[in-house]
Amino acid sequence: MQNTQAKYGQYLSIQKKLFRFAVFLSRNQEEAKDIHQEAMLKLWEKRSEWEKLNNMEGYAMRIVKNIFLNWKNSKAHKNVLTTDDNMRFLNIVHSPEIESKINLWDLKAKFDLLTRGLSDTQKEIMFLREV
């Protein structure tokens, strides 16, 4: 019973550290909140195994890292543009009446998304070609 209470105290004490680690990994506070919440839930669901853990903090950090990696991999698949998306984007860019209405920040975000997988030299060539 005494050891269970100590582990529960340890569970409560590592929350802030896990959140900071999630922010460090994701570089986004909102996404870090989701990662942190999921990690705390997983850790809580494993509370029957707390007695066996020698290093709860290390175990919790590993959970946060694994959740982040899963999140990152699933997010990478969602952000891939198809060839049709690329063509639609290029048609919009070359359409004079719509071009004036496009916000510069949107245009840059789409350009970054399209060129994300390219090397710096290829990005520069694409940028200079479009300018």
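Buried residues account for 22% of the 131 residues in the chain. The model is a predicted one, and the values below were computed from it.

## Overall make-up

The chain holds eight helices and zero strands. Along the sequence the pattern reads α-α-α-α-α-α-α-α. Taking contacts between residues at least 6 apart in sequence, 59% join residues at least 24 apart. The exposed area of the chain is about 10100 Å², and 54% of that area is supplied by carbon and sulfur atoms.

## The largest nonpolar core

The largest nonpolar core has 20 residues, and the members that touch the most other members are Leu43, Met56 and Val64. Helix 2 (15-26), helix 3 (29-45) and helix 4 are the elements that give two or more residues to this core. Helix 4 provides the largest share, six residues.

Leu43 can be followed further through its contacts. Apart from neighbours within four places in sequence, Leu43 is in contact with Tyr11, Ile14, Trp50, Met56, Tyr59, Ala60 and Ile63. Met56, itself among the core members with the most contacts to other members, is thus one of the partners of Leu43.

## Helix 2 against helix 3

The axes of helix 2 and helix 3 come within 8 Å and cross at roughly 135°. The two helices are therefore oblique to each other, since an angle counts as roughly antiparallel when it is over 145 degrees and as roughly perpendicular from 65 to 115. The crossing in which helix 2 passes helix 3 is right-handed.

On the helix 2 side, the residues that meet helix 3 are Gln15, Leu18, Phe19, Ala22, Val23 and Ser26. Their counterparts in helix 3 are Gln29, Glu31, Ala32, Lys33, Ile35, His36 and Met40.

His36 shows this meeting from the helix 3 side. With neighbours within four places in sequence left aside, His36 is in contact with Gln15, Leu18, Phe19 and Ala22. These four partners are among the helix 2 residues that meet helix 3. His36 counts as buried because its relative accessibility is 14%, where the limit for buried is under 20%.

Ser26 shows it from helix 2. Outside its neighbours within four places in sequence, Ser26 is in contact with Glu31, Ala32, Ile35, Phe68 and Trp71. Among these partners, Glu31, Ala32 and Ile35 belong to the helix 3 residues in the meeting of the two helices. Phe68 and Trp71 are further contacts of Ser26; helix 4 covers residues 56-78. Ser26 has a relative accessible area of 9%, so this residue is buried.

## The loop between helix 2 and helix 3

Arg27 lies in the loop between helix 2 and helix 3. Its phi is positive, about 60°, although Arg27 is not a glycine. Most residues other than glycine have a negative phi. Arg27 is exposed, since its relative accessible area is 63% and the limit for exposed is over 50%.

## Helix 4 and its partners

Ile63 is placed in helix 4 (residues 56-78). Its relative accessibility is 11%, so Ile63 counts as buried. Not counting residues up to four places away in sequence, Ile63 touches Ala39, Lys42 and Leu43.

Ala60 lies in helix 4 as well, and is buried because its relative accessible area is 1%. Beyond residues up to four places away in sequence, Ala60 touches Ile14, Leu18 and Leu43. Leu43 therefore appears in the contacts of Ala60 and of Ile63, given that contact means heavy atoms within 4.5 Å.

Glu38 is found in helix 3 and counts as partly exposed, because its relative accessibility is 38%. The table lists C-alpha distances for this residue and for Ala60.

| Pair | Separation in sequence | C-alpha to C-alpha distance |
|---|---|---|
| Ile63 and Glu38 | 25 residues | 9.1 Å |
| Glu38 and Val64 | 26 residues | 8.2 Å |
| Ala60 and Ile14 | 46 residues | 8.3 Å |

Val64, listed here at 8.2 Å from Glu38, is also one of the core residues that touch the most other members.

Terms used: Residues are numbered from 1 along each chain as its sequence is written. This is a predicted model: local features need pLDDT of at least 70, side-chain atom pairs count only at pLDDT 80 or more; totals for chains, interfaces and linings use all residues. Side-chain values use heavy atoms; hydrogens and water are left out. Buried means under 20% relative accessible area, exposed over 50%, partly exposed in between (1.4 Å probe, protein chains only). A nonpolar core is a set of buried Ala, Val, Leu, Ile, Met, Phe, Trp, Tyr and Cys residues joined through side-chain atoms within 4.5 Å. Accessible areas come from the Shrake-Rupley method with a 1.4 Å probe; for residues, only the protein chains shown count as cover. Axes are lines fitted to C-alpha atoms, for helices over the stretch in contact, and angles run from 0 to 180 degrees between N-to-C directions. Angles under 35 degrees count as roughly parallel, over 145 as roughly antiparallel, 65 to 115 as roughly perpendicular and the rest as oblique. A crossing is left-handed if the near helix is turned anticlockwise from the far one by less than a right angle, and right-handed if clockwise.
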